Amino acid sequence: RTSPAPQSLVISQVRLTPLLVADPPLLNTQGVHQPYTPRLIVEVVTADGVTGVGETYGDSKYLELARPLADKLVGHSVTDLNGLFTLADGITVHASRVESSVDVGGLRGVQTADKLRLSVISGFEVACLDAWGKAAGLPVHALLGGKVRDRVEYSAYLFYRWGRHPQGTGGEIDDWGAAVDPAGVVAQAERFAETFGFTSFKLKGGVFPPDQEIAAVRALAGRFPGRPLRLDPNGAWSVPTSLHVAEELRDVLEYLEDPTSGTSGMAEVAAKTPVPLATNMCVTTFGEIREAFVKDAVQVVLSDHHYWGGLRNTRELAAICRTFGVGLSMHSNTHLGISLAAMTQVAATVPNLDHACDSHYPWQTEDVITERLTFREGALDVSEAPGLGVELDREKLAVFHQRWLDDDGTLRDRDDASAMRVADPDWTTPRLPRW
Ligand code: GKR
Ligand code: MG
């Protein structure tokens with residue numbers, strides 16, 4: 001087939017659709033997930049009428065940047081991916097959106113203007129790649145240089161959770177039930193293994209005192225001997241507590257993820273334990289790599305195309321990790337099928353993907369694509385269809401958008417602490433370290 005004329009790849013329209021999608025009551029160190037979580041769906045339409053889709057965070061702070069970027073994008077080619085960064089640079093991030101200390105930095109480190117911009121760019125970059133791939137008749141992985149594997153492995157992402165959202169907050173009810181102790185965590189892992197075939201397991205920690213979480217990981221090791229296990233308290237522990245946990249679990253952990261908050265603390269822990277440390281909190285931008293690698297603070301970096309500014313930047317991160325002998329894995333936040341397709345396309349192209357990727361997807365009962373992606377034997381097949389290989393379900397998109405329109409503002413910005421206050425009115429976001 002012949003290449004399309006560049007003019008046909010010029011963007012004639014950009015549509016932004018903020019949504020609220022159902023989310024179960026998953027617990028983390030800051031609180032509990034709200035019944036619905038915001039996501040943003042980005043659509044770019046080319047002069048030839050080809051539509052590409054992307055997905056990113058949907059909280060107000062991202063929408064504020066996405067709207068002007070959408071306006072600026074009209075008239076640019078879907079192939080001008082470097083140009084996205086230049087366009088986004090010119091967009092002002094309000095000072096109130098930026099944080100200065102890691103202690104209040106939430107679950108992804110300190111919130112900076114650059115991180116916000118990069119997270120927005122990622123949704124647009126994926127949409128452009130999808131449109132370009134569809135126009136050229138090529139899967140996104142081909143536009144990234146081609147896949148090096150046919151299947152991408154994922155790990156089960158276990159959460160302590162309640163059976164339903166605290167009374168009065170509504171939400172969709174699933175049939176997973178509560179998991180608040182080792183037996184509950186093991187039962188959850190068994191269902192993940194049976195349904196999706198996952199063979200490695202990550203437990204979101206930082207919820208209960210560390211010895212209870214050690215017991216849960218021990219129980220997992222007893223039930224699934226020899227399987228790779230990870231524990232991630234999102235920086236909730238002090239350096240001594242992190243070392244205690246590492247010592248107790250050193251024989252069963254594949255890695256310990258963000259045991260403590262900040263690069264210096266991670267370096268102190270890393271110096272005294274043989275357990276590899278992974279992060280999606282202290283290395284989340286290119287600027288943070290140098291200090292962390294020089295201090296040998298992390299042995300595995302969790303890529304996430306939303307954080308890093310898209311699929312091509314994810315590949316750049318992979319190349320840096322490869323160069324420095326640092327392992328690579330993939331982080332996930334709550335996301336839908338468009339993002340999972342994008343994660344799988346990029347993961348397929350990275351030679352040094354050393355560990356199974358994280359995904360929240362099994363927890364999402366709602367999606368905006370016509371056919372849900374299905375994990376088989378713990379992995380996803382890499383789609384060969386043009387673009388991302390997913391199709392937007394416009395009816396569902398409209399329903400979830402209407403939910404966003406109907407919301408009085410309480411759910412449009414993810415706030416795990418306020419959801420927790422429904423159950424415990426005295427709850428405040430804990431300062432780190434908690435233990
Ligand atoms: O969904 O509660 C959650 C997670 O804690 C998420 O927000 C984190 O970003 O999954 C993440 C992680 O690995 O830190
Ligand atoms: Mg993490």
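# Close-up views of the model

**View 1. Glu377, an exposed residue in a loop.** Glu377 is exposed, with 10 other C-beta atoms within 10 Å of its own. (A residue is exposed if 12 or fewer other C-beta atoms lie within 10 Å of its own, buried if there are 20 or more, and partly exposed in between; C-beta atoms are placed from the backbone.) The structure is a predicted model: local features need pLDDT of at least 70, side-chain atom pairs count only at pLDDT 80 or more, and totals for chains, interfaces and linings use all residues. Residues are numbered from 1 along each chain as its sequence is written; chains are lettered from A and ligands numbered from 1 in the order in which they are written. The loop that holds Glu377 runs between helix H12 (337-347) and strand S14 (379-381). (Helices, H or I of at least four residues, and strands, E of at least two, are DSSP runs numbered from the N terminus.) Although Glu377 is not a glycine, its phi is positive, at about 50 degrees.

**View 2. Asn234, a buried residue beside ligand 1.** Asn234 lies in the loop that leads from S9 to H7. Its phi is positive, at about 55 degrees, although Asn234 is not a glycine. Is Asn234 buried or exposed? It counts as buried because it has 24 C-beta neighbours inside 10 Å. Asn234 is also one of the residues that surround ligand 1. Others in this shell include Lys204, Asp232 and Asn280, together with Leu26, Asn28, Leu107 and Arg108. The stretch His331, Ser332, Asn333 and Thr334 also belongs to the surroundings of ligand 1. (A residue is near a molecule if its C-beta atom, placed from the backbone, lies within 6 Å of it.)

**View 3. Strand S9 and its two partners, S8 and S10.** Strand S9 comprises residues 229-232, and both of its faces are covered. On one side stand Leu229 and Leu231, on the other Arg230 and Asp232, and these four residues are all buried. Strand S8 (residues 201-204) runs parallel to S9 and is joined to it by 4 bridges. (Two strands pair if DSSP finds at least two bridges between them.) Within this pair, Phe201 faces Leu229 of S9. Strand S10 (residues 253-257) also pairs with S9 in the parallel sense, here over 3 bridges. Leu231 is set opposite Leu256 in S10, and Arg230 is set opposite Tyr255 in S10.

**View 4. Helices H6 and H7 between parallel strands.** Helix H6 (residues 210-223) forms a right-handed β-α-β unit with S8 and S9. (The crossover is right-handed if, with the strands pointing away from the viewer, the path from the first strand over the helix to the second runs clockwise.) What lies between S9 and S10 in the β-α-β unit that these two strands form? It is helix H7 (residues 239-249), and this unit, too, is right-handed. Residues 182-276 as a span are 53% helix and 14% strand, and the C-alpha atoms at the two ends of the span lie 23 Å apart.

**View 5. The open sheet of 7 strands.** The strands follow the order S7-S8-S9-S10-S11-S12-S13, and their pairing is parallel. Which strands form the edges of this sheet? They are strand S7 (156-159) and strand S13 (327-330), each of which pairs on one side only.

**View 6. The hairpin of S4 and S5.** Strand S4 (residues 36-46) pairs with S5 in the antiparallel sense over 7 bridges. Leu40 has Thr56 as its bridge partner in S5, while Arg39 has Tyr57. Strand S5 (residues 51-57) is mostly covered, with 6 of its 7 residues buried. The hairpin has 4 residues between its strands, and Gly49 there takes a positive phi near 85 degrees. Gly49 counts as exposed because it has 10 C-beta neighbours inside 10 Å. The C-alpha atom of Gly49 is separated by 33 Å from that of Pro362, which is 313 residues away along the chain.

**View 7. The open sheet of 3 strands.** S1, S4 and S5 make up this sheet in the order S1-S4-S5, with antiparallel pairing. Strand S1 (11-22) and S5 are the edge strands, and each pairs on one side only.

**View 8. The cis peptide bond between Leu432 and Pro433.** The peptide bond that joins Leu432 and Pro433 is cis, with omega at about -5 degrees. Pro433 lies in the segment that comes after helix H14 (416-423). Most peptide bonds are trans.

Terms used:
Right-handed = clockwise from strand over helix to strand, strands pointing away.
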